[in-house]
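Reader: I have a structure open and would like to talk it through with you. Could we go strand by strand and then turn to the charged side chains?

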Amino acid sequence: MSDKTIVIVGGTSGIGLELAKDCIARGDRVVITGRDRERTEAVAVTLGASATGVALDSSEPSGIAEQLAPIGEAHGLVLSAIERDANTVRDYSIERAIRLVTLKLVGYTETVHTLLDRLEPSVDTGIVLFGGRAKDLPYPGSTTVSSINGGVTGLVNTLALELAPIRVNALHPGIIGDSPFWADKPDGVLAGWKKHTPGGKLATMVDVVDATQFLLRNRGVSATNLYVDRGYAII
């Protein structure tokens, strides 16, 4: 067991859950968050004694401080909570747009603000924000998603400057072929995306976990935006 506690916002499923498992395998303690208290605590139980579950809804930032009150000292923070959204300009939902912008930009920032007095002020402490490749590679209906993922790059710069020596970085996944969202797509859909990567393969959840651990722990890396997409953008 290490002396480190890693807080993973959005750690009850998908990449966040795989990251929690990897941290525990490295000897860390983890605190995972999810919107539903019972489900979050149940997932933590499956991870064993090194995991704690805390309910958190990042889309309601006024309640974040109270919800995160049970968390003690931490040595790393990963903000991986996301929501999928297809919101076209021609058929625009203001409510969905406000929720998503609030969740990532305001919710992420308020979470950092709330936990700052519990994060060790050291270069050994890392914060990782999840953005996404839609900021550079838009698709129909990605206006809100592309905009907020671009906003994450701005957050990285300001937070890295303000919070030093704590390091702040962002990870921007592309299409992650074995993630719950993409794994259930018809074979033809994934095959089409694979054609656009050198080598014809999609990135995996293991790839994203490895990249997150690098940003979280490498003492020489801060204010960096790292893409995990198997080189999709060059074809």
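Author: Gladly, and one definition will help at the start: two strands pair if DSSP finds at least two bridges between them. Please keep in mind that this is a predicted model.

Reader: Thanks! Then which residue in strand 2 does valine 7 stand opposite?

Author: Strand 1 and strand 2 pair in the parallel sense, over five bridges. Within that pairing, the residue of strand 2 that stands opposite valine 7 is valine 31.

Reader: And what is the hand of the β-α-β crossover from strand 1 to strand 2?

Author: After strand 1 the chain passes through helix 1, residues 14–25, on its way to strand 2. This β-α-β crossover is right-handed.

Reader: Strand 1 has another neighbour, strand 4; which residue there stands opposite isoleucine 8?

Author: Strand 1 and strand 4 run parallel and are joined by four bridges. Opposite isoleucine 8, in strand 4, stands valine 78.

Reader: How many residues of strand 1 are buried?

Author: Take the two faces in turn: Thr5, Val7 and Val9 point one way, Ile6 and Ile8 point the other way, and all are buried. Strand 1 is therefore largely enclosed by the rest of the structure. The count of buried residues, for the strand at 5–9, is five of five.

Reader: Let's move along to strand 6. How many of its residues are buried?

Author: On one side of strand 6 you will find Arg167, Asn169, Leu171 and Pro173, and on the other Val168, Ala170 and His172, and all are buried. For the strand at 167–173, that makes the number of buried residues seven of seven.

Reader: Which residue of strand 6 is the bridge partner of isoleucine 127?

Author: Strand 5, residues 126–130, pairs with strand 6 in the parallel sense over five bridges. These two strands also make a right-handed β-α-β unit with helix 5, residues 143–163. The bridge partner of isoleucine 127 in strand 6 is valine 168.

Reader: And in strand 7, what is the bridge partner of histidine 172?

Author: Strand 6 pairs with strand 7 as well, in the parallel sense and over four bridges. There, the partner of histidine 172 is tyrosine 227.

Reader: Arginine 167 caught my eye. Which side chain of opposite charge is nearest to it?

Author: Arginine 167 belongs to strand 6, and is buried yet has no salt bridge. A polar atom of its side chain does lie 3.1 Å from the backbone oxygen of valine 221. The nearest side chain of opposite charge is 6.5 Å away, and belongs to aspartate 124.

Reader: How many salt bridges does the whole structure have?

Author: As background, side chains of opposite charge can pair when their charged atoms come close. Searching the whole structure for such pairs gives a number of salt bridges equal to twelve.

Reader: How many residues apart in sequence are the parts that arginine 35 and glutamate 83 tie together?

Author: These two form a salt bridge, with their closest N and O atoms 3.3 Å apart. Arginine 35 sits in the loop between strand 2 (29–34) and helix 2 (37–47), and glutamate 83 in the loop between strand 4 (76–79) and helix 4 (94–115), so the parts they tie together are apart in sequence by 48 residues.

Reader: Is arginine 35 buried or exposed?

Author: The cut-off for exposed is over 50% relative accessible area. Glutamate 83, at 22%, counts as partly exposed. Arginine 35, at 51% relative accessibility, counts as exposed.

Reader: Where does aspartate 207 lie?

Author: Aspartate 207 and arginine 230 meet in a salt bridge, at 3.1 Å from N to O. Arginine 230 lies in the segment after strand 7 (225–228), so the pair ties together parts 23 residues apart in sequence, and aspartate 207 itself lies in helix 8.

Reader: How far apart are the end C-alpha atoms of helix 8?

Author: The buried residues of helix 8 include Met205, Val208 and Leu216. At 1.5 Å a residue, its 13 residues should span 18 Å, and this agrees with the distance between its end C-alpha atoms, which is 18 Å.

Reader: Last one: is arginine 133 buried or exposed?

Author: Arginine 133 meets aspartate 136 in a salt bridge of 2.6 Å, N to O, and aspartate 136 is partly exposed at 36% relative accessibility. Buried means under 20%. With 8% relative accessibility, arginine 133 counts as buried.

Note on methods: Residues numbered from 1 in each chain as written. Predicted model: local features only at pLDDT ≥ 70, side-chain atom pairs only at ≥ 80, totals over all residues. Heavy atoms only, no water. Salt bridge = Lys/Arg side-chain N within 4 Å of Asp/Glu carboxyl O. Buried < 20%, exposed > 50% of the residue type's maximum accessible area, 1.4 Å probe, protein only. Right-handed = clockwise from strand over helix to strand, strands pointing away. Expected span 1.5 Å × (residues − 1). Lys, Arg positive; Asp, Glu negative; His and termini not counted. Polar contact = N/O pair within 3.5 Å; in protein donor to acceptor, adjacent residues only side chain to side chain.
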